[in-house]
Amino acid sequence: KSWRLRAGSSGDLLFRNSSNSELMRIASGGNVGIGTSTPEGKLHIINQGDGNNREKFYQFIDAYRNYYYGGGIHLSHARGTVENPEFLLQDDILGGLSFDAYDPDSGSYKNFDSAARIESVATLDHTATSRPANLVFRTTPETGINTLPRMTIDSTGNVGIGDFSSSSPSAKLHLYWNTGSWDNDNTKANPTLLLESPDPLITDR
């Protein structure tokens, strides 16, 4: 097998296989594309093909070493510039993982918009001795198109289930329910906490 390396008319650097199919390109602006001839980020990967071949759509990070660190992904954020980075400020997002769905009317990147998201947010201004942050899990309801906060792990380790976008969980496990009607026995129509078992004698809420 052989590879072919050539420069495109636009100044891009193209990597082709022996069948002259393009496998990767480095665009003239420095972006790298795998599976796309128009990379829109520093690394842009597009997979296309048969949905039965799940492995084709996986991305792998493998580590073989005599050390306790394995493969990993680091999402980094600093204010300022590369030459003069600065600390983050309160409410800055350190990084996030977004699960996007196609929506032709979204007007966002390639008509994909977030349906679920995990993100980390600075809870105070960062300093050399303090960098508190929380972890927020967001999903989209059936009747909407915007993600909503569903669970928060704050900088103290407290876990909040519900919308804590304007507050923080105040216990190791804090459940917050702000919608729903009341039943005649002064309980919520939709339970905040449901403990369920196949045995009806030990089912409670």
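Colleague: Happy to look at this one with you! Among contacts between residues at least 6 apart in sequence, what share joins residues at least 24 apart?

Modeller: Good place to start, and do keep in mind that the model is predicted. Counting contacts in the protein chain between residues at least 6 apart in sequence, those that join residues at least 24 apart make up 13%.

Colleague: Thanks! How many helices and how many strands are there in the protein chain?

Modeller: Reading along the sequence, you meet the pattern β-β-β-β-β-β-β-β-β-β-β-β-β. The count for the protein chain is therefore zero helices and 13 strands.

Colleague: And what percentage of the residues count as buried?

Modeller: The protein chain exposes about 15500 Å², with carbon and sulfur atoms supplying 53% of that area. A residue has to fall under 20% relative accessible area to be called buried. Of the 205 residues, the share that does so is 17%.

Colleague: Let's turn to L5. Is L5 buried or exposed?

Modeller: L5 lies in strand β1, which covers residues 4-7. Its relative accessible area is 57%. The cut-off for the upper class is over 50%, so L5 is exposed.

Colleague: Which residues form a nonpolar patch on the surface with L5?

Modeller: The patch has about 240 Å² of accessible area together. Besides L5, its members are L13 and I26.

Colleague: I26 makes me curious about N31. Which residue's backbone oxygen lies 3.4 Å from a polar atom of the N31 side chain?

Modeller: N31 sits in the loop between β3 (22-26) and β4 (32-34). Leaving aside neighbours within four places in sequence, N31 is in contact with R25, I26, P39, E40, G41 and K42. From that list, the residue whose backbone oxygen lies 3.4 Å from a polar atom of the N31 side chain is P39.

Colleague: Lovely. Now for β11: which residue in β12 does M151 stand opposite?

Modeller: Strand β11 (residues 148-153) pairs with β10 (residues 133-139) in the antiparallel sense over five bridges, and there M151 is the bridge partner of F137. β11 also pairs with β12 (residues 159-161), again antiparallel, over three bridges. In β12, M151 stands opposite I161.

Colleague: One last thing: which residue takes a positive phi in the hairpin of β11 and β12?

Modeller: That hairpin has five residues between the strands. The phi in question is near 100°, and the residue that takes it is G157.

Definitions and conventions:
Residues numbered from 1 in each chain as written. Predicted model: local features only at pLDDT ≥ 70, side-chain atom pairs only at ≥ 80, totals over all residues. Heavy atoms only, no water. Patch = residues over 30% accessible without salt bridge, like charges linked within 9 Å, V, L, I, M, F, W, Y side chains within 5 Å. Areas by Shrake-Rupley, 256 points an atom, 1.4 Å probe, with all protein chains shown as cover. Salt bridge = Lys/Arg side-chain N within 4 Å of Asp/Glu carboxyl O. Helix = DSSP H or I, 4+ residues; strand = E, 2+ residues; numbered from the N terminus. Buried < 20%, exposed > 50% of the residue type's maximum accessible area, 1.4 Å probe, protein only. Pairing = 2+ DSSP bridges. Contact = heavy atoms within 4.5 Å. Polar contact = N/O pair within 3.5 Å; in protein donor to acceptor, adjacent residues only side chain to side chain.
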